[in-house]
Amino acid sequence: MAAGAAAGAAALAARRLSHMLHPTDVHAATKLATVPSQLSAKGLTPTSLEDITHYNNFYEFGTDKGDPARNAGSLRTRPWSVAVEGLVKSPKTFDIDTLTKLRPLEDRVYRFRCVEAWSMVIPWVGYSLSEFIKQCNPLPSAKYVQFLSLADAKQEPGIRSVPLGWPYSEGLRMDEAMHPLTLLTFGLYGETLPNQDGAPVRVIIPWKYGFKSAKSIVKVRFVDKQPPTTWNTMGPDEYGFYSNVNPNVDHPRWSQKTERVIGASIFKQRQPTLMFNGYADQVASLYSGMDLKKYY
């Protein structure tokens, strides 16, 4: 009897945790079938699920770090589709279930560095964005990829109070988008993305500051010129289009030489920031010959 009661209590606690992470979305707690990835960083201890899901920047749901976890339950992630437009052979629309089955989903542990000088280690789930781009059949004239996030004030209360020129827009040069490390992301810790972490689909570019990784994507646009992006438009002197992690280029209001490690013990709360967030061996060649202080 005692063992049965304990098991029941554990199951109830698990359901409560799932509800806390995914307040109204019954799809968000789905376990994903994944395979290991050679691109997963080695020797890193992931940040706790609690910190990953309760310390977020997602201004569509508020500006406080805890606002997304409190408010993102209103986000409806089914049905969901991603439209492809611009310089492609023909426009397409992919529903989310088609996207998740396009390629085997990989477990990839990546460093994550915010422009605010804090960091995490996150076990994402997805596949290389390049695999999706191949399905989009972009024209040779397409030099950049733009990502547009959902902008629905009925689902996202922050849109009514935060003047960011919605929808949230981000973009990459085509060679950045095609790099194998750039991840089309559907989950973390082996399950589909919690709403507050960008459900149901986002991108992750691990060598760039976190705001480059657009969340809750509804449109992908292929263009021939550098697209406008939200934070670069709002503060071009503070947030560059490239926004590669670079300890040698400070933010105008704070140093980027070190970072606060979320969830670390008091003795390990700060660590030196690595060039390209530790991915220099894989990505530095993308910026050969570029002045990284000018193209910050």
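Y144, F241, Y242, F276, Y287 and Y295 come together as one aromatic cluster in this predicted model. It makes a good starting point for a walk through the aromatic contacts, and the structure holds 15 aromatic pairs in total.

Let's begin with a pair formed by F211 and Y239. Their rings meet edge-to-face, with 5.6 Å from centre to centre and 85 degrees between the planes. This contact links distant parts of the chain: F211 belongs to the loop between β10 (202–204) and β11 (217–223), while Y239 sits in the loop between α8 (230–234) and β12 (258–261), 28 residues apart. What about their exposure to solvent? F211 has a relative accessible area of 12%, so this residue counts as buried. Y239 is buried too, at 11%.

Now return to the cluster, whose members include Y242 and Y287. These two tyrosines also pair edge-to-face, their centres 6.2 Å apart and their planes at 90 degrees. Because Y242 lies in the loop between α8 and β12 and Y287 in the segment after α9 (280–283), the pair ties together parts of the chain that are 45 residues apart in sequence. Both partners are shielded: Y242 is buried with a relative accessible area of 8%, and Y287 counts as buried at 3%.

Finally, have a look at where charged side chains meet rings. R111 lies over the face of Y279, 5.8 Å from the ring centre. Elsewhere, the ring of F58 has the charged end of K215 over it, at 5.2 Å from the centre.

Technical notes
Residues are numbered from 1 along each chain as its sequence is written. This is a predicted model: local features need pLDDT of at least 70, side-chain atom pairs count only at pLDDT 80 or more; totals for chains, interfaces and linings use all residues. Side-chain values use heavy atoms; hydrogens and water are left out. Rings of Phe, Tyr and Trp (its six-membered ring) pair if their centres lie within 6.5 Å; planes under 30 degrees apart count as stacked, over 60 as edge-to-face and the rest as tilted. Helices (H or I, at least four residues) and strands (E, at least two) are DSSP runs, numbered from the N terminus. Buried means under 20% relative accessible area, exposed over 50%, partly exposed in between (1.4 Å probe, protein chains only). A charge sits over a ring if NZ of Lys or CZ of Arg is within 6 Å of the ring centre and within 35 degrees of the ring normal.
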